[in-house]
Amino acid sequence: MDYKFLESGEVSSYLAGRTEILGLIDPESIESVEEVGDGNLNLVFIVFDKLGRSLVLKQALPYVRLVGPDWPMTPFRAEREAEALRIHGELNPELVPSVYFYDPERFIICMENLASYHVWRGALINGERHEGAGYQMGQYVGEIATGTSTLLMDQQEQKILAAKSINPELCKITEDLVFTEPYFDIGRNSVLPENLADAEEHSLDKAMMEAMAEAKWKFMTRAEALIHGDLHTGSVMVKFDSGTTGSSKAKAFDSEFAFYGPVAFDLGALWANYVIAGARAIALGENEFAEWIISQVSETWNGFEDTVRRRIQEKGKDPLWNDVFIGDMLSQWQEDAWLFAAAKMSRRVVGLAKAADIETLEPAKREGAARGILRLSRLLSQQRLQDSSPASFQRFALETLISNRTA
Ligand code: SR1
Ligand code: MG
């Protein structure tokens with residue numbers, strides 16, 4: 001494969017003549033090009049012209065950026081991302097950045113620069129409360145759960161889209177890093193010396209391993225909807241909404257892991273990352289802020305459930321998919337969200353690709369935060385079978401994180 005890295009010096013000529021960006025930026029008066037990619041996989045450039053207009057160029061590298069060329073990775077994932085952004089954006093025009101064009105030869109997505117937004121993980125680390133962000137992300141997942149599944153899509157169109165949306169290489173990353181490697185280390189796991197015993201206890205827990213087998217099987221076989229596939233707080237941008245006092249706007253991006261998978265995986269990813277942010281706040285003695293963060297579990301669930309019920313009422317066509325069936329589906333998604341949240345929170349503690357919320361804590365505080373997350377993930381993986389309400393999830397999360405705090 002002939003692969004050409006995008007260089008900042010060529011951005012002006014690269015954009016020249018692209019009719020899709022006419023009026024959005026002037027390629028002949030580019031003022032600045034800054035590479036800002038802080039994720040694990042890609043190159044990301046923010047481009048400004050002399051009038052202050054901007055856009056983003058995101059190029060999928062032919063390897064995993066976090067590790068380097070020793071871990072090759074298909075750049076065709078950019079096509080999956082561009083398609084998911086387009087489809088999710090049609091269902092959620094307010095909750096997804098616009099795509100201006102996709103370049104299949106250079107694996108580059110040209111998209112809206114969310115100039116006044118910040119990555120949610122960073123905003124949480126800074127102690128910002130973005131009211132409404134959790135609910136909006138629940139709405140986003142609810143629109144996808146209904147709008148890309150056979151709940152609302154035309155049966156033929158849905159099958160064709162599902163066939164086109166396979167993303168085997170990116171799914172394999174998740175299957176390995178999230179479900180298997182935390183229990184069967186192939187040399188990519190790491191923790192503080194003070195947490196070695198916690199990591200060992202975690203990896204040897206038989207009940208947890210059984211739960212993870214169930215989680216991995218569901219991830220690999222439940223082709224329900226075109227899910228985001230990596231919906232942590234680093235995949236969400238937030239900003240305070242100047243128009244509405246006390247509320248914020250949120251947008252989901254970075255959907256290169258999108259594939260037809262279980263809806264609850266996206267919910268669980270959000271919940272897990274609220275726990276991770278909450279663990280940081282508790283480690284720093286900010287319990288009130290931690291309570292607010294963890295309350296986003298219910299907020300997200302409410303946004304999701306409201307959207308699913310509303311969409312089925314407005315547009316549902318299949319008479320078999322009545323209120324009783326939708327109620328059963330919601331119960332199953334709720335229980336599975338606990339399962340996936342358990343998987344997603346512990347992998348960020350023991351496995352490759354950790355979370356800045358925890359990693360930037362001084363070791364004495366990180367020790368308790370990491371231990372609390374590992375213990376909580378095991379508790380959640382079992383307790384989901386008794387009571388899978390978001391309120392109960394939140395109670396377990398706060399109690400466990402507080403009781404394991406160190407320093
Ligand atoms: C090798 S990629 C590591 C992680 O980064 C992404 O955000 C996904 O969560 C993936 O597991
Ligand atoms: Mg990402």
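**A chat about burial, cores and helices**

Me: Where does Cys110 stand, buried or exposed?
Reply: Cys110 counts as buried, because its relative accessibility is 0%, under the 20% cut-off. Keep in mind that this is a predicted model.

Me: And Cys171, buried or exposed?
Reply: Cys171 is buried too, with a relative accessible area of 8%.

Me: How many disulfides does a search of the whole structure find?
Reply: The count is 0 for the whole structure.

Me: OK, new topic. How many helices and strands does the chain have?
Reply: There are 15 helices and 12 strands in the chain.

Me: What radius of gyration does the chain have, and what would a compact globule have?
Reply: The chain comes out at 21 Å, and a compact globule of 407 residues would be near 22 Å, so the two agree. Along the principal axes, the C-alpha trace covers about 60 × 55 × 50 Å.

Me: How many of the residues count as buried, as a percentage?
Reply: Of the 407 residues, 57% count as buried. The chain exposes about 17,100 Å², and carbon and sulfur atoms supply 52% of that area.

Me: What share of contacts joins residues at least 24 apart?
Reply: It is 75%, taken among contacts between residues at least 6 apart in sequence.

Me: Now the inside. How many residues has the largest nonpolar core?
Reply: That core has 112 residues, and the ones with the most contacts inside it are Leu57, Met212, Phe304, Trp333 and Met345. Helix α9, residues 263–283, gives the largest share of this core, with 16 residues. A second, separate core has 9 residues, including Leu41, Val64, Met73 and Phe257.

Me: Which residues is Leu57 in contact with, leaving aside its neighbours in sequence?
Reply: Setting aside residues within four places, Leu57 contacts Leu6, Val11, Tyr14, Leu15, Leu43, Val44, Phe45, Val47, Ile108, Ile109 and Cys110. So Cys110, the buried cysteine you began with, is one of the residues in contact with Leu57.

Me: Phe304 was in that core list. Which residues of α11 are buried?
Reply: Phe304 is among them, along with Gln296, Val297, Ser298, Thr300, Trp301, Gly303, Thr307, Val308, Arg311 and Ile312. Helix α11 runs over residues 296–315 and reaches 28 Å from its first C-alpha to its last, close to the 28 Å expected for 20 residues.

Me: What covers the buried residues of α11?
Reply: The cover includes α4 (133–147), α9, α10 (287–294), α12 (323–350) and α15 (390–403).

Me: Let's switch to α14. How far apart are its end C-alpha atoms?
Reply: They are 30 Å apart, and at 1.5 Å a residue the 21 residues of α14 (363–383) should span 30 Å, so that agrees. Helix α14 is mostly covered, with 15 of its 21 residues buried.

Me: Where does Arg366 sit? Is it buried or exposed?
Reply: Arg366 is in helix α14. Arg366 counts as buried, because 16% relative accessibility is under 20%. Beyond four places in sequence, Arg366 touches Leu192, Asn195, Ile358, Glu359 and Leu361.

Me: And Glu367, buried or exposed?
Reply: Glu367, also part of helix α14, is buried at 18% relative accessible area.

Me: Which residues does Glu367 touch?
Reply: Not counting residues up to four places away, they are Leu192, Glu194, Asn195 and Thr406. Leu192 and Asn195 appear in the contacts of Arg366 as well.

Note on methods. Residues are numbered from 1 along each chain as its sequence is written. Chains are lettered from A and ligands numbered from 1 in the order in which they are written. This is a predicted model: local features need pLDDT of at least 70, side-chain atom pairs count only at pLDDT 80 or more; totals for chains, interfaces and linings use all residues. Side-chain values use heavy atoms; hydrogens and water are left out. A nonpolar core is a set of buried Ala, Val, Leu, Ile, Met, Phe, Trp, Tyr and Cys residues joined through side-chain atoms within 4.5 Å. Buried means under 20% relative accessible area, exposed over 50%, partly exposed in between (1.4 Å probe, protein chains only). Helices (H or I, at least four residues) and strands (E, at least two) are DSSP runs, numbered from the N terminus. Contact means heavy atoms within 4.5 Å. The expected span of a helix is 1.5 Å times one less than its number of residues. The radius of gyration is taken over C-alpha atoms; the globule rule is 2.2 Å times the number of residues to the power 0.38. Accessible areas come from the Shrake-Rupley method with a 1.4 Å probe; for residues, only the protein chains shown count as cover. A disulfide is a pair of cysteine sulfur atoms within 2.5 Å.
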